[in-house]
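Colleague: I am new to reading protein models and would love some help with this one. Could we look at it together?

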Amino acid sequence: MLEGKAIVRETDMPDDMQSHAMELAYQALDLHEVSDCQSIAHYMKKNFDEIYGPTWHSVVGNDFGSCITHLCGSFIFFRVEMMEFLLFKDGKDLSKEVAVKIA
């Protein structure tokens, strides 16, 4: 496992979700070559989609720009050593939409 501590740059996620995102980042970096940013990003997205529902987006790399819209409580941008991680959820929250229709 990498020795570097994750540094959160921006987030609006609950603390437990932040911890989970950073733990997944360490796992992804252990499972994949550091240069394979696409596989690392896919690992992060797949896990967050499974646990927190679909429409998560993951961007991983050393140097990228972004301009995004995200659902409140679903954004984190952090760094592990030289790798940057951007993880956010976009789209409709279907669970809330269904709850409104049923009620």
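Modeller: Happy to! Let us start with a term: a residue is buried under 20% relative accessible area, exposed over 50%, and partly exposed in between, using a 1.4 Å probe and protein chains only. This is a predicted model, where local features need pLDDT of at least 70, side-chain atom pairs count only at pLDDT 80 or more, and totals for chains, interfaces and linings use all residues. Residues are numbered from 1 along each chain as its sequence is written, and side-chain values use heavy atoms, with hydrogens and water left out.

Colleague: What share of the residues in the protein chain is buried?

Modeller: The protein chain has 103 residues. By the cut-off of under 20% relative accessible area, the buried share comes to 35%.

Colleague: What pattern does the protein chain follow along the sequence?

Modeller: Helices (H or I, at least four residues) and strands (E, at least two) are DSSP runs, numbered from the N terminus. The chain has three helices and four strands. Read in sequence order, they give β-α-α-β-β-β-α.

Colleague: How many disulfides does the structure hold?

Modeller: In general, a disulfide is a covalent bond between the sulfur atoms of two cysteines. Here it is taken as a pair of cysteine sulfur atoms within 2.5 Å. Cysteine 67 is exposed at 80% relative accessible area, and cysteine 72 is exposed at 78%. The number of disulfides is zero.

Colleague: Which residue forms a salt bridge with arginine 9?

Modeller: A salt bridge is a side-chain nitrogen of Lys or Arg within 4 Å of a carboxyl oxygen of Asp or Glu, and the whole structure has four. For arginine 9, the N to O distance is 2.9 Å, and the partner is glutamate 84. The pair links distant parts of the chain, 75 residues apart: arginine 9 sits in strand β1 (residues 7-11) and glutamate 84 in strand β4 (residues 83-89). Arginine 9 is partly exposed at 46%, while the partner buried at 6% is glutamate 84.

Colleague: Where do lysine 46 and glutamate 50 lie?

Modeller: These two form a salt bridge, with their closest N and O atoms 3.6 Å apart. Lysine 46 is partly exposed at 43%, whereas glutamate 50 is exposed at 55%. They are four residues apart, about one turn, and both lie in helix α2.

Colleague: Which residue in helix α2 meets aspartate 49 in a salt bridge?

Modeller: The N to O distance for this pair is 2.6 Å. The two residues are four apart in helix α2 (residues 37-52), so about one helical turn separates them. Aspartate 49 is partly exposed at 21%, and the partner is lysine 45.

Colleague: Why do the buried residues of α2 line one face of the helix?

Modeller: The buried residues are Ile40, Ala41, Tyr43, Met44, Asn47 and Phe48. An arc is that of the directions from the helix axis to the C-beta atoms. Seen down the axis, these residues line one face because they fall within an arc of 155°.

Colleague: Which exposed residues does the face of α2 turned away from its buried side carry?

Modeller: On the buried side, the cover includes α1 (15-31), β2 (56-61), β3 (75-80) and β4. The face turned away from that side carries the exposed residues Gln38, His42 and Glu50.

Definitions and conventions
Contact = heavy atoms within 4.5 Å.
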